[in-house]
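Please read the following account with the sequence and the model side by side, and follow each group of side chains as it is introduced.

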Amino acid sequence: MLKFIVDGLVARGCRVLSTTAPNKAPFYIVFETPSGSRQGVLAYAFFANSRQTGGRPRDEHRFQVKYGSELKGVLEIAVDPHELITTILVGIDTARGLFVAADPLMHNPSPMSRSIEFKASHAEEIAHDGWVAWERDRHKPKTKTRPTAEIDEDTRIEVLVGGSRDRIFDLIQLERIARGLDPGERHHVADELGNAEGLGRASAASHSLLRELELPPEALFDLIDGASRLKMAVRGWVAEAKLVDHLSATPGVTDCRRLEGEGMPDVSLRWRGGPPILVECKNTLRKADARGHARVDFQRTRASKGDPCSRYYRPSDFQVLAACLHAVSGEWKFQYAVTGELPPHKSCPGRISNGIAVAEPLFTDRPELVFSKCSA
């Protein structure tokens, strides 16, 4: 597996400067990019295969997150807070010459042995196209025979990325760019990297990101520098800034401002001089539903200990949901809904459903109609 990663980097013109021993986990690799910059990558790598297992689908491929024979331990995935070293979590099928990677942050910490599954069709698509991204539903483990660690898992829909060996460099750049992004935006960045052409993909992605955000470099750096939550997901902050711009330009809206407190809604405003209205901005997923509607995976990353329903929102947490469609359309457009009108969660009374289709009549692109309902 270490050779797979090293050979993939070399195939893209990188110069590998040092690696840890192949019997040490995780792998740590320092390399120089074709443009001359040095990067370090911490690779949590596991063998991926299609070995048949009783009771499992015949077309299932997977890799298991585990080291050694201990099945009741917890893997703490190291992520550099200074972002000098990039962490990847990857399953490698050395026989087929491909990898499948998951978001390290969504699997940290990870109970061993967690299985990350994908389909034979995904492997075939990777072999044909060289780079593929897709959604995967996440659920808490149902096993009763092997206890899992008592950790609260992130059960949002996740995005897996698969590639041929020579795309391991692009995976590292994806983790550098998309760290901390919502699944929909992560999916969007992965697709953009997949569409990038030939040499200098990392540089092209960086420049295309600036063009995509519709901001000059100086404004982007000021935005990051002025954020109290240091280096949070850049696209999330831009979405909130764009939302404030949209709402501030709406006739009748005053005192529109972003809220930066941890756990607070994103925007506060007044409609026609009335009391404050709180707005939560959420990115949609990249993939539409069967009817062509954008979707919001409407839940918090974590739940309070002992209360799994706390990961879902109450209608009283804020009055308006603003769904950002950037992951779907590539444009900073929003659809708005009154939280009190959103469908309830099926198993958590008093909470809002986590699977919401962004469609009429619940959603509209005219925020004034929603604010009028809130003030009625």
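Ring pairs link Phe298, Tyr313 and Phe318 into a cluster, where rings of Phe, Tyr and Trp (for Trp, its six-membered ring) count as paired if their centres lie within 6.5 Å, and the planes are called stacked under 30 degrees apart, edge-to-face over 60 and tilted for the rest. This is a predicted model, in which local features need pLDDT of at least 70 and side-chain atom pairs count only at pLDDT 80 or more, while totals for chains, interfaces and linings use all residues. Residues are numbered from 1 along each chain as its sequence is written, and side-chain values use heavy atoms, with hydrogens and water left out.

The structure holds seven aromatic pairs. In one of them, phenylalanine 31 and phenylalanine 169 meet edge-to-face, with 6.3 Å from centre to centre and 75° between the planes. Because phenylalanine 31 belongs to strand β2 and phenylalanine 169 to helix α3, this pair ties together parts that are 138 residues apart in sequence; helices (H or I, at least four residues) and strands (E, at least two) are DSSP runs, numbered from the N terminus. Both phenylalanine 31 and phenylalanine 169 are buried, where buried means under 20% relative accessible area, exposed over 50% and partly exposed in between, with a 1.4 Å probe and protein chains only.

The rings of phenylalanine 46 and tyrosine 67 have centres 5.0 Å apart and planes at 35°, so this pair is tilted. It links distant parts of the chain, since phenylalanine 46 lies in strand β3 and tyrosine 67 in the loop between β4 (60–65) and β5 (74–75), 21 residues apart. Phenylalanine 46 is buried, with a relative accessible area of 3%, whereas tyrosine 67, at 27% relative accessibility, counts as partly exposed.

From the rings we turn to helix α1. In this helix, which spans residues 2–11, the residues Leu2, Phe4, Ile5, Val6, Gly8 and Leu9 are buried. These buried residues pack against β1 (15–19), β2 (27–32), β3 (38–49), β6 (85–93), β7 (98–102) and α3 (168–178). After α1 comes glycine 13, whose phi is positive, near 85°.

How do α1 and α3 pack, and at what angle? The angle is about 90°, with the axes 7 Å apart, where axes are lines fitted to C-alpha atoms, for helices over the stretch in contact, and angles run from 0 to 180 degrees between N-to-C directions. α1 and α3 are therefore roughly perpendicular to each other, on a scale where angles under 35 degrees count as roughly parallel, over 145 as roughly antiparallel, 65 to 115 as roughly perpendicular and the rest as oblique. Ile5, Gly8 and Leu9 in α1 meet Ile168, Phe169 and Ile172 in α3. Leaving aside neighbours within four places in sequence, isoleucine 5 is in contact (heavy atoms within 4.5 Å) with Phe27, Ile29, Ala43, Ile92 and Ile168.

A nonpolar core is a set of buried Ala, Val, Leu, Ile, Met, Phe, Trp, Tyr and Cys residues joined through side-chain atoms within 4.5 Å. The largest such core has 31 residues, of which Ile5, Leu9, Val90, Phe99, Leu171 and Leu174 touch the most other members. Helix α3 supplies the largest share of this core, six residues. Apart from this core lies another, of 22 residues, among them Leu243, Val253, Val338 and Phe371.

Charged side chains complete the tour. The structure holds 25 salt bridges, each being a side-chain nitrogen of Lys or Arg within 4 Å of a carboxyl oxygen of Asp or Glu. Glutamate 240 and arginine 258 meet in one of these, at 3.9 Å, N to O. This pair links distant parts of the chain, with glutamate 240 in helix α7 (residues 234–248) and arginine 258 in strand β12 (residues 253–258), 18 residues apart. Glutamate 240 counts as buried at 9% relative accessibility, while arginine 258, at 21%, counts as partly exposed.

A salt bridge also joins the side chains of lysine 373 and glutamate 341 (3.4 Å, N to O). Here lysine 373 lies in helix α9 (residues 367–375) and glutamate 341 in the loop between β17 (334–338) and β18 (355–358), 32 residues apart. Lysine 373 counts as partly exposed at 47% relative accessibility, and glutamate 341 counts as partly exposed at 37%. Salt bridges that share partners join Glu117, Arg136, Arg138 and Glu158 into one network.
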